[in-house]
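Trainee: I've just opened this one and don't know my way around yet. Can you walk me through it?

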Amino acid sequence: MNEKFTLKSNYNPCGDQPEAIHKLLDGISKGNRLQVLLGVTGSGKTFTMANIINKLNKPALIIAHNKTLAAQLCNEFRELFPENRVEYFVSYYDYYQPEAYIPRSDTYIEKDMSINDEIDKLRHSATSSLGERSDVIIVASVSCIYGLGAPIEYFNSVVSIRPGDLIERDELIDKLVGIQYKRNDIDFLRSSFRVRGDSVEIFPASNTTTAIRCEFFGNEIERIVEFDVDSRKQICELNHAAIFPASHYILGDLRDEAIKQINIDLAERIKYFEDHGQLIEAQRIKERVRYDVEMISEMGYVNGVENYSRYFDGRAPGTAPFTLMDYFPNDYITFIDESHITIPQIRGMYNGDYARKKNLVEFGFRLPAAFDNRPLNFAEFNERIKQVICVSATPAEYELSNSAQIVEQVVRPTGLLEPPITIRSTNGQIDDLISKINKATGEGGRTLVTTLTKRMAEGLTNYLREHKIKVEYMHSEIKTLERIDIINRLRLGDIDVVVGINLLREGLDIPEVLLVVILDADKEGFLRSRSSLIQTVGRAARNKDARVIFYADNITGSMSAAIDETNRRRNKQIEYNIINRITPKTIIKPIKNTLIISKKTKQSEKLETKRDITREIERLTQEMQEASKNYDFESAIVLRDEILELKRKREQIQE
């Protein structure tokens, strides 16, 4: 087993990557807790992170702000570390409606969810890898700060088997049931087992295509074989197999004590409601919790068992839950990608979760222990990360004020420059804008225009259409399918201009963009802050001939700072290009034809019977799962939206 990281690449660090790697490693060796890698897009930040992991030879956690970005990073790291474990850990819900109660309308909303089996498998693969080896990289979304079962119970519950072990077949079956594997002799699925004569076949929770056959001779394990589930062909014989639990919530030896404490807390809660004259709430909490306790006692599990996690983890009220970070060994490195977005997300999770559960607890739907099944608050998150590197082109105030050092990586090995910025007066700006759009279109390029308000964006879009300009307005209400359609049409040239309020969303790093226009650039605020301006300017950094226009009558502090920073980066890149004789070239990025999916799903509009719609839902669900399996989350999201539309349509049909 390889316990060391081995970086495989045809490239060596170049540009200002070597200096960045050296400085960050030096900071880690000095014990610096937080450092910042200020790296522009296209400068090879992922390669820099990979080199740091390779040199440190420590497990690594990389946190991204959404599933799609995490999937892209996971694929990149798997290519760079093919001999090591690179895992993907994100929320396993394709659809999730949390449990909630709305007092003003007396509406209880039951938890509803659709779990993506492939992502659930990947989550188990991530935690089991941490229990097996040290050369592990986990790329995670912010779901890594949400409650997970206790790692001690999880790792202690692993069923370890070897040829020659003296154990009865039924004893092995009991152990598998204890870690929440289900017996299924007909439909052999992940997290299940089946019995065939003197053999027990186990489909591990962390696998998709391979299972384990344990062959007995009397009360002794004679042979352990790994085999392909579909073909049943033997892959290899094993000297050891570790079967990790099918759930991260393992009750373990604390079950009886936990049930006892639940009943004590239930009695206190009933008394509290009765003392306050809340008889409905008292009856409600009594019925719900007693049912849950009976299920836990008999089955070892109940839907919503996570709300009782504190009892089974042995935690005191108010203490932080266990999370993915608790599964890591003591010495690991954390990277927070796009930290200016990711850190605010981490900060905001706790309060939102608490507000929702407050009503559930106050109105008798949950015990107060439900508060302890939650994401970490920011202080708890900081306690769990040992050493962290925040990665961003525009780090926010938190990173800048708390970092031991800010390491720059603003030189692109490709030679591409930050675009030049021109400031033009708002007097006659629309007519001037039209001439600039026509010039960019004549050169074969596309244009992005940002406005401050929805009304202005809509009005500008209509005005440009009147002037025969092919333009679309992109806003928050546009569905995923339509957004992807607009982006692809822009790249193909069916559209020349996209107008929006905030065009910083993912998917707009388009090499064909020759012009980026910011209207009302001198109106200070979130959308015209230094960080937002720099990020918006960066949308033009994929094309060697791109430029940016700020329409403004004054130069604000944010504008001045953004222009100075852009020019500084541009000059540094020019100097590097001259020394290394590099000629900038526009990035060539293939157009991903997700329109095939959208056209294919349009046939669902013709479906009229519930039976036909159900069949189409089943077909699309299979395609969605396959897309997720291949980390193609853009396509998966399109398919998910179509499935939800079909489900709504099916509910409206009366037959």
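Mentor: One term before we start. Two strands pair if DSSP finds at least two bridges between them. Also keep in mind that this is a predicted model.

Trainee: Okay. How do β11 and β12 pair, parallel or antiparallel?

Mentor: Antiparallel, over five bridges. Strand β11 covers residues 192–196. Across the pair, F193 stands opposite I202 in β12.

Trainee: What about the turn in that hairpin? How many residues sit between the strands?

Mentor: Two. G197 takes a positive phi near 60 degrees there.

Trainee: Which strand is on the other end of β12's bridges, besides β11?

Mentor: Strand β13, residues 210–217, joined to β12 by four bridges and running antiparallel. E201 stands opposite R213 in β13. These two strands also form a hairpin, with six residues between them.

Trainee: Is β12 buried or exposed?

Mentor: Five of its five residues are buried, so β12 is largely enclosed by the rest of the structure. S199, E201 and F203 are buried on one side, and V200 and I202 on the other.

Trainee: Why do the residues split between two sides like that?

Mentor: Because in a regular strand the side chains alternate between the two faces of the sheet.

Trainee: New topic. Where is Y181?

Mentor: In the loop between α6 and β10. Y181 has 2% relative accessibility, so it counts as buried. The residues it touches include F193, I202 and F203. A polar atom of the Y181 side chain lies 3.1 Å from the backbone nitrogen of A205.

Trainee: And how far is Y181 from S192?

Mentor: Their C-alpha atoms are separated by 4.9 Å, and the two residues are 11 apart along the chain.

Trainee: Switching again. Which residues touch the most other members in the largest nonpolar core?

Mentor: I53, F77, F81, I137 and F335, in a core of 36 residues. Helix α3 gives the most to this core, with seven residues. Among the residues F81 touches are F5, L7 and V86. A second, separate core has 35 residues, including I63 and L376.

Trainee: Last one. What order do the strands take in the six-stranded open sheet?

Mentor: The order is β20-β25-β24-β21-β23-β22, with parallel pairing. β20 and β22 stand at the edges with a single partner strand each, so one side of each is left without a neighbour in the sheet. The twist averages 20 degrees from one strand to the next. Helix α14 packs on the sheet, touching β21, β22 and β23.

Conventions: Residues numbered from 1 in each chain as written. Predicted model: local features only at pLDDT ≥ 70, side-chain atom pairs only at ≥ 80, totals over all residues. Heavy atoms only, no water. Axes fitted to C-alpha atoms, helices over the stretch in contact; angles between N-to-C directions. Contact = heavy atoms within 4.5 Å. Core = buried A, V, L, I, M, F, W, Y, C linked by side-chain atoms within 4.5 Å. Buried < 20%, exposed > 50% of the residue type's maximum accessible area, 1.4 Å probe, protein only. Polar contact = N/O pair within 3.5 Å; in protein donor to acceptor, adjacent residues only side chain to side chain. Lists of a residue's contacts leave out its neighbours within four places in sequence.
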